[in-house]
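Reader: I would like to learn how to read cavities, pockets, sheets and cores from a model. Could you take me through them one at a time?

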Amino acid sequence: MSSRGGVRLVLALVAAGGPMLVLGPAASAASASGMAARDDDVAFTIKDPRINESSGLAASTRHPGIVYTHNDSGGVPKIYALDGGGRVKAVLTLGGAGARDWEAMALGRDGRGRPAIFVADIGDNLGGAWPYVTIYRIPEPTRLRSQTLHATAFKIKYEDGPRNAETFMINPRTNRIFIASKQFGGKVYEGPAKLRTSGYNTMRKVGDAPAMATDGAFSPDGRTCVIRTYFGARLYSVGPDGRPGKSLKSINTPFQAQGESVTYTADGNALLVGSEGTNQPVYRLPLPDEARPSPSGKAATGHGGSAADIEKSDRDPAGTRMGLFLALAIAAAVGYGLLRRRGGSSKGG
């Protein structure tokens with residue numbers, strides 16, 4: 001979500017009477033400096049001035065060490081390939097694509113099973129202003145150089161009507177797409193087994209999503225997936241049906257200017273989390289041992305299965321922090337209301 005989108009969200013919450021806590025730049029900076037991850041947890045910093053609203057991340061398996069990103073709304077249809085130092089190695093322009101409100105990206109396969117990059121133009125800050133949204137797909141090039149690639153467009157609708165979303169994921173085992181809506185009562189939607197370029201592809205509800213989800217990703221081996229918010233992230237198992245399943249563990253994320261992106265590293269041992277804004281660091285968050293790929297590349301089985309072990313060690317730091325934010329928001333709203341009432345009484349004499 002861009003800064004303009006943030007303003008629209010604030011206005012929407014005010015109109016709905018929703019309690020909220022607004023931190024000014026000074027407070028936000030103080031929080032970031034006090035609670036961000038250690039310097040050695042920074043994977044790289046995005047310093048290229050062309051990337052000022054990084055809203056999606058995807059780690060390449062075809063090109064070791066490369067991470068793709070893109071800007072949010074109001075930009076141009078371009079994907080930036082970053083090296084291990086955060087430098088732009090190539091710019092991929094999506095021929096024939098638009099960039100209304102790009103919010104997320106993921107790696108998958110095309111109709112012939114070849115590596116492909118998907119970008120999700122799924123933002124809708126007005127919560128239903130767009131009758132449909134669009135997913136774009138381009139082939140992941142074998143040679144990484146700046147070039148224009150023809151984009152295939154897939155029109156997307158939800159079974160229960162338009163909604164805002166910033167989370168887009170692809171299960172690497174099934175190549176099926178998933179979207180999580182960005183609401184306080186968010187849902188996970190599953191796409192059809194095969195996307196079609198004609199007509200619309202309907203997304204159907206298959207589960208719940210965390211409040212205000214801003215991005216998500218499947219692990220490279222398809223065993224787990226993660227959905228992040230502004231306040232943290234949550235790890236999920238993936239069921240035999242290929243869908244996000246049981247909630248396993250909360251994962252602490254550093255405070256960021258506007259945390260909107262997450263992906264697994266190519267080896268599946270950690271998460272990368274990023275933020276919109278200029279000169280933003282991308283943090284590397286190691287996953288618990290139980291959530292890392294098994295040596296055989298298959299899901300762990302037998303005594304002490306990964307889901308049980310992760311759940312047992314879950315202290316829910318992100319959930320606790322989310323509750324704290326909501327409690328502070330409610331307190332701020334109540335205090336503001338009391339001050340307004342007191343001010344109104346004094347004016348009335």
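**Strands, spaces and cores**

Author: Let us begin with a strand pair, where 3 bridges join β10 to strand β14 (residues 201-208), the two running parallel. The model is predicted, so that local features need pLDDT of at least 70 and side-chain atom pairs count only at pLDDT 80 or more, while totals for chains, interfaces and linings use all residues. Residues are numbered from 1 along each chain as its sequence is written, and side-chain values use heavy atoms, with hydrogens and water left out.

Reader: What counts as a strand, and what counts as a pair?

Author: Strands (E, at least two residues) and helices (H or I, at least four) are DSSP runs numbered from the N terminus, and two strands pair if DSSP finds at least two bridges between them. In the parallel pair just named, Tyr158 stands opposite Met203 in β14. On β14 there is also an antiparallel pairing with strand β13 (residues 187-190), over 4 bridges, in which Val188 has Gly207 as its bridge partner.

Reader: Which strand pairs with β8 in the antiparallel sense, and over how many bridges?

Author: That strand is β10, and the pairing runs over 5 bridges; within it, Thr134 stands opposite Lys155.

Reader: How should I read the side chains along a strand, and which residues of β10 are buried?

Author: In a regular strand the side chains alternate between the two faces of the sheet. Buried means under 20% relative accessible area, exposed means over 50%, and partly exposed lies in between (1.4 Å probe, protein chains only). Along β10, Thr152, Phe154, Ile156 and Tyr158 point to one face and are buried, whereas Ala153, Lys155 and Lys157 point to the other face and are not.

Reader: How is empty space inside a protein found, and how many cavities of 30 Å³ or more are there?

Author: Rolling a probe the size of a water molecule over the atoms shows where empty space is left. On a 1 Å grid over the protein atoms alone, a cavity is a set of points where a 1.4 Å probe fits but cannot get out, a pocket is an open set with protein on both sides within 12 Å along at least five of seven lines, and lining residues have an atom within 4 Å of a point. Grid points are joined across faces, edges and corners, and a volume is the space filled by probe spheres set on the points. The search of the whole structure finds 1 cavity of 30 Å³ or more, and about 50 Å³ of space lies in the largest cavity. Its lining includes Trp130, Tyr132, Ile156, Tyr158 and Arg163, and strand β10 (residues 152-158) gives the most to that lining, with 3 residues.

Reader: What is the volume of the second largest pocket, and which strand gives the most to its lining?

Author: The volume of the second largest pocket is about 420 Å³, and of the 28 residues that line this pocket the closest to its centre are Ala59, Thr61, Leu107, Gly108 and Pro172. β6 gives the most to the lining, with 5 residues. By class, the lining has 17 nonpolar, 7 polar and 4 charged residues, where Ala, Val, Leu, Ile, Met, Phe, Trp, Tyr, Cys and Pro count as nonpolar, Asp, Glu, Lys and Arg as charged, and the others, Gly among them, as polar.

Reader: What is a nonpolar core, and which residues have the most contacts inside the largest one?

Author: In soluble globular proteins, nonpolar side chains tend to be buried together. A nonpolar core is a set of buried Ala, Val, Leu, Ile, Met, Phe, Trp, Tyr and Cys residues joined through side-chain atoms within 4.5 Å. The largest has 19 residues, and those with the most contacts inside it are Ile122, Ile135, Tyr158, Phe168 and Ile179. Among the elements that give two or more residues to this core are β8 (133-139), β10 and β12 (177-181). Apart from it lies another core, of 18 residues, including Tyr68, Leu92, Trp102 and Ile117.

Reader: In what order do the strands of the open sheet stand?

Author: The order is β2-β3-β4-β5-β9, with mixed pairing, and the edge strands are β2 and β9 (147-150), each pairing on one side only. Within this sheet, β2 and strand β3 (residues 67-70) pair in the antiparallel sense over 4 bridges, and Ala59 stands opposite Val67.
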